[in-house]
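Trainee: I should like to learn how the terms used for this structure are justified. May we look at it together?

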Amino acid sequence: RPKYVLFYIGANDIGKDVGSDYDDLVRDKRTTWKTRVRESSAIYHVFRTLKSTYEARRVHGLAHHYEDFATWEWTTTPLTHDHEALSAPRLGAFRARVLSLAQRTRALGSTPIFVTQAFCSYHVRADGTVEGRTKPAPYDGVEINGVDLYYIMQLFGRATMEVCGEVGGVCIDAANEVAWQPGDFYDAVHNTPQGAERLGRYLHDRLRDRF
């Protein structure tokens, strides 16, 4: 019976394909004995975790690694301009998932806390100019760079805060409020201990009066 449930979300969601069955929070599913086993069995959970870890590392080559930020090149010019249209399908699905999380949290008798995420692939200069990593990456068939990623993440963060406000949750825009420093990330999105402490202290300052 938690009083609060905190969701630190957004960074993974921008890459989630629309219509994917994985972690589908919106569509109703028929409960079967197989579903109950998958959701309740500790043995199945351990098996699935070990199997997925092996496939991620050995089959797909997915694993966290340190970035050499000194080699990164930066630009202020985006590769595309209609970020809202580009993000619209994934953004709509994301809104529905955030709303589902909020409703399920309320059903527990708890209050949702939504916290936005950011990448270190971009930053905003003192004069308001957005500077992002030059290296392009595919996004729904379109090449984007760090500047584009900034504008896309702003859309996802805004959606998070809007849904949070609609359901009366606690809304924390960490993506725009935390003053990240060099050494706070070991790759584009994951924090070093220094960065994790910075985020933790920020959240403490924002939430301590509630406790």
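Trainee: What makes the residues lining the largest pocket nonpolar, polar or charged, and how many are there of each?

Mentor: Ala, Val, Leu, Ile, Met, Phe, Trp, Tyr, Cys and Pro count as nonpolar, Asp, Glu, Lys and Arg as charged, and the others, Gly among them, as polar. By that rule the lining divides into 14 nonpolar, nine polar and seven charged residues. The model is predicted, so local features need pLDDT of at least 70 and side-chain atom pairs pLDDT 80 or more, while totals for chains, interfaces and linings use all residues. Residues are numbered from 1 along each chain as its sequence is written, and side-chain values use heavy atoms, without hydrogens and water.

Trainee: Why are strand 1 and strand 8 said to stand at the edges of their sheet?

Mentor: Strands (DSSP runs of E, at least two residues, numbered from the N terminus) pair if DSSP finds at least two bridges between them. The open sheet has the order 1-3-8, with parallel pairing. Strand 1 (4–9) and strand 8 (170–172) each have a single partner strand, so one side of each is left without a neighbour in the sheet.

Trainee: How do you know that strand 3 and strand 8 pair?

Mentor: Three bridges join strand 3 (residues 111–116) to strand 8, and the requirement is at least two, so the two strands pair. Within this pairing, I113 stands opposite V170 in strand 8.

Technical notes: Helix = DSSP H or I, 4+ residues; strand = E, 2+ residues; numbered from the N terminus.
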